[in-house]
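Please open the model in a viewer and keep the sequence panel visible. The tour proceeds by selections, each followed by a description of what is found there.

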Amino acid sequence: MAKILVTGGTGHLGRDLAPALTEAGHTVRLLARKTGQDNSVEWVMGDLATGDGIEEALRGIDTVIHAATLSPIAKRGMRLVDFFSSPSSVDVDGTRYLLAAAEHSGVSHFIFVSIVGLEFSRLPYARVKLAGERLVRESSLPWSVIRATPFYYLLAQMLGGLKWLPVWPLPTSPSNPVDTRDVAFYLSRAVTDGKRGVRPEIGGPDMMPFSSFARQYCDALGLRRLILPLPIGRKMSLGMGLVETGERLGKRTWKAWLSEQCERAR
Ligand SMILES: NC(=O)c1ccc[n+]([C@@H]2O[C@H](COP(=O)([O-])OP(=O)(O)OC[C@H]3O[C@@H](n4cnc5c(N)ncnc54)[C@H](OP(=O)(O)O)[C@@H]3O)[C@@H](O)[C@H]2O)c1
């Protein structure tokens with residue numbers, strides 16, 4: 001069993017990843033800016049943007065899963081500024097600090113969580129994320145890159161931001177977002193399968209027009225909105241981050257995820 005350092009353990013994916021790893025029998029340490037309540041993992045305070053705590057966090061570690069990111073869009077929804085810039089302190093500088101310290105401490109596997117279709121996106125966040133991924137690919141450490149399609153929570157957040165509009169004109173481009181629990185399970189398998197390099201991507205089981213995801217969202221929440229299917233070109237949809245992958249490795253459907261969220265909110 002591995003001794004794993006997880007970055008981003010307090011995030012959406014990280015909150016599913018830590019239990020998936022401990023259930024698989026691994027020892028898990030989280031590098032976090034604030035320690036949390038979960039006693040089944042070790043907590044080390046650190047900050048990827050400054051490099052604080054990284055060396056200490058890596059002591060005795062053989063595998064790193066780097067799932068931290070600084071995405072202002074995921075944190076507070078899309079704003080105009082996000083079309084012009086995105087901070088690189090965590091995804092590029094933080095990845096650089098972490099890789100250098102991991103090389104120094106003799107880590108045997110560095111797993112980087114990434115995003116499907118980064119090359120085609122026009123968003124500055126994607127360029128920052130891609131720069132971080134390139135650092136990993138160029139590193140002398142044994143590495144794996146695992147790319148996932150957008151997570152369900154992000155899709156729900158985006159659609160939630162449209163609630164005030166009575167009419168939703170939405171692209172019909174196909175996409176297959178995925179649940180973070182499925183990505184967490186896939187990552188936990190990658191720790192022990194012995195493979196390295198660029199792994200098959202992971203997307204969700206539903207491959208549908210984006211507008212159909214919105215229809216199911218409205219149905220689940222009982223929202224009456226007019227959804228106008230808007231056919232757009234492939235280049236434009238990829239530029240907007242509407243991506244798909246043939247690797248439909250996720251199991252949980254969007255409908256099932258929505259129904260769980262509605263149940264939880266009751
Ligand atoms: N969201 C998606 O749709 C999607 C799709 C495919 C792949 N991914 C990738 O999956 C990974 C996880 O994404 P997510 O959506 O779960 O992210 P998230 O919820 O936004 O969480 C980000 C995590 O990074 C940590 N972090 C931010 N700044 C930090 C810093 N300076 N030092 C240390 N930790 C810091 C956050 O810690 P705090 O709690 O302290 O803020 C949090 O734990 C990322 O690599 C992302 O690129 C995301």
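Select helix H1, residues 12–23, together with the ligand: with 3 residues, H1 gives the most to the shell around the ligand. The model is a predicted one. Now extend the selection to the whole shell, in which 27 residues surround the ligand; Thr10, Gly11, His12, Leu13 and Ala68 are the closest. The elements that contribute two or more residues to this shell are H1 and strand S5 (109–115). Colouring the shell by residue class gives 15 nonpolar, 9 polar and 3 charged residues.

Keep H1 on display and add helix H7, residues 180–192. How are these two helices placed relative to each other? The axes of H1 and H7 lie 8 Å apart, and the packing angle is about 45°. H1 and H7 are therefore oblique to each other, and the crossing of H1 past H7 is right-handed. To see the contact itself, show the side chains of His12, Leu13, Asp16, Leu17, Ala20 and Leu21 on H1, which meet Thr180, Arg181, Val183, Ala184, Phe185, Leu187 and Ser188 on H7. The residues of this contact comprise 8 nonpolar, 3 polar and 2 charged. His12 and Leu13 thus appear twice on the tour: both belong to the closest residues around the ligand, and both take part in the contact of H1 with H7.

Hide H1 and remain on H7. Which residues of H7 are buried? They are Thr180, Asp182, Val183, Ala184, Phe185, Tyr186, Leu187, Ser188 and Val191. Displaying their surroundings brings in several elements, for the buried residues of H7 pack against strand S1 (3–7), H1, strand S4 (63–66), S5, strand S6 (143–148) and helix H6 (152–160). Then step just past the end of H7 to Gly194, where phi is positive, at about 80°.

Next, select helix H4 (residues 89–105) and helix H5 (residues 124–138), whose axes are 8 Å apart and which pack at an angle of about 15°. With that angle, H4 is roughly parallel to H5. The crossing of H4 and H5 is right-handed. On the H4 side, show Asp91, Val92, Thr95, Arg96 and Leu99; their partners in H5 are Val128, Lys129, Ala131, Gly132, Leu135 and Val136. By class, the contact of H4 with H5 has 6 nonpolar, 2 polar and 3 charged residues.

Move to Pro174, which is located in strand S8 (residues 174–175). Is Pro174 buried or partly exposed? Pro174 counts as partly exposed because it has 16 C-beta neighbours inside 10 Å. Leaving aside residues up to four places away in sequence, Pro174 touches Met207, Met208, Pro209 and Glu244. Draw a distance from Pro174 to Glu244: the C-alpha atoms are 6.6 Å apart, although 70 residues separate the pair in sequence.

Finally, select helix H8 (residues 210–221) and helix H10 (residues 254–265), whose axes come within 10 Å and cross at roughly 30°. H8 is accordingly roughly parallel to H10, and H8 passes H10 in a right-handed crossing. Show Phe213, Gln216, Tyr217, Ala220 and Leu221 of H8, with Trp254, Lys255, Leu258, Ser259 and Cys262 of H10, to display the residues that make the contact. The contact of H8 with H10 consists, by class, of 7 nonpolar, 2 polar and 1 charged residues.

Key:
Residues numbered from 1 in each chain as written. Near = placed C-beta within 6 Å. Helix = DSSP H or I, 4+ residues; strand = E, 2+ residues; numbered from the N terminus. Nonpolar A, V, L, I, M, F, W, Y, C, P; charged D, E, K, R; others polar. Axes fitted to C-alpha atoms, helices over the stretch in contact; angles between N-to-C directions. Parallel < 35°, antiparallel > 145°, perpendicular 65-115°, else oblique. Left-handed = near helix turned anticlockwise from the far one by under 90°. Contact = placed C-beta atoms within 7 Å. Buried ≥ 20, exposed ≤ 12 C-beta atoms within 10 Å, placed from the backbone.
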